[in-house]
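Here are my notes on this model, as numbered points. Please read them with the structure open.

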Amino acid sequence: MEFQNNISLKNQNTFGIDVSCRLFCIIQSQQDISDLIHSDEFKNNKNLILGGGSNVLFTKDFDGLVIKNKIIGKEIISENKDLKTVKVGAGENWHNFVLWSIKNRLSGIENMALIPGNVGAAPMQNIGAYGSEVKNVIENVWAINIEDGKKLIFSNTDCNFQYRDSIFKNELKEKVIITHVSFNLSKTPNNNTTYGDVKEEIQNLGLEISTESICKAVINIRERKLPNPNEIGNSGSFFKNPIISTIQFKEIQKQFIEIVGYKNSETETKVAAGWLIDKCGWKGYRKGDAGVHKNQALVLVNYGNANGEEITSLAKEIQQSVKDKFGIEIHPEVNIIG
Ligand code: FAD
Ligand code: EPU
């Protein structure tokens, strides 16, 4: 394992923010992690673990050590009549793992096709899309405590998964390196087509409902709605969908009858932040190279040379206008790195 100085991160974050880090290294094995945490470069600097860089916004050069996780490998570690449990290296690309599961006739993650990034970051914010969340299939998360190098195994319950949240974003933020994640995948198709237009897309494709057709439909819908980070810098939804009391939701609905919300619990409603931002008139807005995507107001974009400060200042204006119009606070989903 070697340390490199002054490395550009422009191609290491899907927002395409042109920043650099003072030190950079790649970890590919447990041994690399052990070497890393005993090194002076690690002990004497602040550090950041990076996967695919698809959920980070750098606001300035990173004055420390960026650790790129490239631990790979997939292994079936147990099996019963219904499930196979697959242990996957944190540095494996998420979408390739989805395609691998389909090829191996395993179901459970097909609704989350085409989410950018790596397997190791999936538990961080409990990734989710099109009616699935990764918490439904995670068995364990393997990690290393960066303070003492001890190996840790977190059960699904230990991870305290919530909507776009987990223990790794809270108590364990910057305290562990996730090395592997194991998934319980089903040998029989889940065929979950409850969300939005998945079923309609499968019909339009002239296909029967199956693990493969759900994956194909989700890919098509995502390609239509979301900007491709290879073309326009972005990190997916910039904000989380806010969860408010159903009483408050019904009050707002009296004035804005078409507001979009989904039941979150007996007393709470999850509101579509994209709709709120859209209604405030931001969709398609552009100031310099920072903007709001023309098809999805929840996605902030970098048209080329926006810096992190310009994106965060636009985000603040959006937050304020949503608060002023609806009385709802929206919070970033993206990890802002200052
Ligand atoms: P990074 O951005 O590299 O890291 C994210 C955070 O996790 C950082 O805080 C980092 O320090 C930490 N981290 C990463 N790896 C490790 C590790 N091994 N150990 C400890 N900490 C680690 N998300 C969804 O949930 N659903 C979607 O539908 C979705 N759609 C998206 C669409 C687009 C176009 C884009 C650009 C993003 C989208 N996202 C979505 C967000 C993003 O893809 C996910 O959050 C993804 O899991 C991030 O993975 P990553 O490897 O790129 O993480
Ligand atoms: N909407 C608008 N205007 C907009 C955007 C959305 O009116 O500009 C409305 C839509 O018409 C729809 C509703 O808002 O009625 C919800 O929109 P959509 O189905 O696109 O989903 P979302 O809530 O905006 C969430 C996730 C996405 C995930 C999709 C599909 C969050 C923060 N975002 O988006 O995840 O892919 O559902 O499941 O929960 C991400 O986390 O980065 C991400 C892209």
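1. Start with ligand 2. This is a predicted model, and in it 23 residues surround ligand 2. Those that come nearest are Tyr130, Tyr163, Asp278, Gln296 and Glu333.

2. Which side chains place an N or O atom by an oxygen atom of ligand 2? Glutamate 333 has a polar side-chain atom 2.7 Å from a ligand 2 oxygen. For glutamine 296, the distance from a side-chain N or O atom to an oxygen of ligand 2 is 2.8 Å. For lysine 283, the corresponding distance is 3.3 Å. Ligand 2 exposes 830 Å² when taken alone, and the protein buries 82% of that.

3. Next, the division of the chain. Domain 1 covers 4–69, domain 2 covers 74–186 and domain 3 covers 233–337. Between domain 2 and domain 3, the C-alpha centres are 27 Å apart. Domain 2 puts 4 residues into the contact, and domain 3 puts in 6 residues.

4. Now the area of that interface. The size of an interface is often given as the accessible area lost when the parts come together. Domain 2 and domain 3 bury about 540 Å² between them. Carbon and sulfur atoms give 40% of this area. Which three residues supply most on the side of domain 2? They are Tyr163, Arg164 and Lys169, with 79% of the area that domain 2 buries against domain 3. No other three residues supply more.

5. Polar links across the interface deserve a check. How many salt bridges are counted between domain 2 and domain 3? The count is 1. Glutamate 333 and arginine 164 form a salt bridge, with 3.1 Å between the closest N and O atoms. Residue pairs in polar contact across this interface number 4, both partners being at pLDDT 80 or more. The side of domain 2 that touches domain 3 has 2 charged residues, 1 polar and 1 nonpolar.

6. Two residues link points 1 to 5. Glu333 is among the residues nearest ligand 2, and glutamate 333 also forms the salt bridge with arginine 164. Tyr163 is likewise among the residues nearest ligand 2, and Tyr163 is one of the three named for the area that domain 2 buries against domain 3.

7. Turn to ligand 1. Around ligand 1 there are 32 residues, and Ile49, Gly51, Gly52, Ser54 and Arg222 come nearest.

8. Contacts of ligand 1 use backbone and side-chain atoms. Asparagine 118 brings a backbone N or O atom to 2.9 Å from a ligand 1 oxygen. Glutamine 125 has a side-chain N or O atom 2.9 Å from an oxygen of ligand 1. Arginine 222 sets a polar side-chain atom 2.7 Å from a nitrogen atom of ligand 1. On its own, ligand 1 has 980 Å² of accessible area, and the protein covers 93% of it.

Terms used. Residues numbered from 1 in each chain as written. Chains lettered and ligands numbered in written order. Predicted model: local features only at pLDDT ≥ 70, side-chain atom pairs only at ≥ 80, totals over all residues. Heavy atoms only, no water. Domains from an automatic or database assignment. Contact = heavy atoms within 4.5 Å. Buried area = accessible area lost by both parts, 1.4 Å probe. Salt bridge = Lys/Arg side-chain N within 4 Å of Asp/Glu carboxyl O. Polar contact = N/O pair within 3.5 Å; in protein donor to acceptor, adjacent residues only side chain to side chain. Nonpolar A, V, L, I, M, F, W, Y, C, P; charged D, E, K, R; others polar. Near = heavy atom within 4 Å. Areas by Shrake-Rupley, 256 points an atom, 1.4 Å probe, with all protein chains shown as cover.
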